[in-house]
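Work through the exercises below with the sequence and the model open. Try each task before reading its solution.

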Amino acid sequence: MTSQQLPPQPSSRPQPTPKTPAVPWAVVAGLSALALLWPLTGLTGVLGTGAPRAFVILGITAAVWIGVVGLGRVPRPVLTLTLTGLAYGVVGVALSQLVPVLAGFGGPGGSGVEPAWTIIPALLVDTLVGLLAGLVAAGVQRLLGAVR
């Protein structure tokens, strides 16, 4: 007699799923601390005022974010820098509430506090900047992976 071939039975043990790396919260916290450049440059007068100061601070921040995450091979670069952007915004909003003069709201006739309607748009913009920086950092990681 011929033996019947039974189809292989699936394993009753669950297969290990590939573990996605966790978000590096220390990196998020460290990079979002760059929001402290705003009051620091405001207190010291370094970089002047207005748009030139803003462009320099944003340029430094973006370069550091992309450099650390892209060149440092930080896992999940887009999510990491998106969360960094959000945390950067939270730090910025908190600073503008605590030290409104440095945010530009404490001048003559000013209320001394950031208007409440600007908080959500500020957080959205900072989160979007983090997302864009994360995409660039992911591209840097891919380029470095192709070179190695």
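The model is predicted.

**Exercise 1. Fold inventory**
Task: State how many helices and strands the chain has, and which order the elements follow.
Solution: Count first. The chain holds 6 helices and 0 strands. Then read from the N terminus: the order is α-α-α-α-α-α. Finally, check burial. Of the 148 residues in the chain, 26% are buried.

**Exercise 2. A helix pair**
Task: Describe how α1 and α4 cross.
Solution: Two packed helices are described by the angle between their axes and the distance between the axes. Start with the distance. The axes of α1 (residues 25–32) and α4 (residues 77–98) come within 8 Å. Next, the angle: these axes cross at roughly 45 degrees. Angles under 35 degrees would count as roughly parallel, and 65 to 115 as roughly perpendicular. The pair α1 and α4 is therefore oblique. Last, the hand: α1 passes α4 in a right-handed crossing.

**Exercise 3. A nonpolar surface patch**
Task: Place L47 in the chain and classify its exposure.
Solution: Locate L47 in the loop between α2 (37–44) and α3 (50–71). Its relative accessible area is 36%. Buried means under 20% and exposed means over 50%, so L47 is partly exposed. Now look at the surroundings. L47 joins V46, V56, I60, V64 and V68 in a nonpolar patch on the surface. Together these six residues have about 410 Å² of accessible area.

**Exercise 4. A contact across the sequence**
Task: Classify V125 as buried, partly exposed or exposed, then relate V125 to G89.
Solution: V125 sits in helix α6 (residues 119–147). Its relative accessibility is 49%, so V125 counts as partly exposed. In sequence, V125 and G89 are 36 residues apart. In space, their C-alpha atoms are 8.2 Å apart.

Key. Residues numbered from 1 in each chain as written. Predicted model: local features only at pLDDT ≥ 70, side-chain atom pairs only at ≥ 80, totals over all residues. Heavy atoms only, no water. Patch = residues over 30% accessible without salt bridge, like charges linked within 9 Å, V, L, I, M, F, W, Y side chains within 5 Å. Areas by Shrake-Rupley, 256 points an atom, 1.4 Å probe, with all protein chains shown as cover. Salt bridge = Lys/Arg side-chain N within 4 Å of Asp/Glu carboxyl O. Helix = DSSP H or I, 4+ residues; strand = E, 2+ residues; numbered from the N terminus. Buried < 20%, exposed > 50% of the residue type's maximum accessible area, 1.4 Å probe, protein only. Axes fitted to C-alpha atoms, helices over the stretch in contact; angles between N-to-C directions. Parallel < 35°, antiparallel > 145°, perpendicular 65-115°, else oblique. Left-handed = near helix turned anticlockwise from the far one by under 90°.
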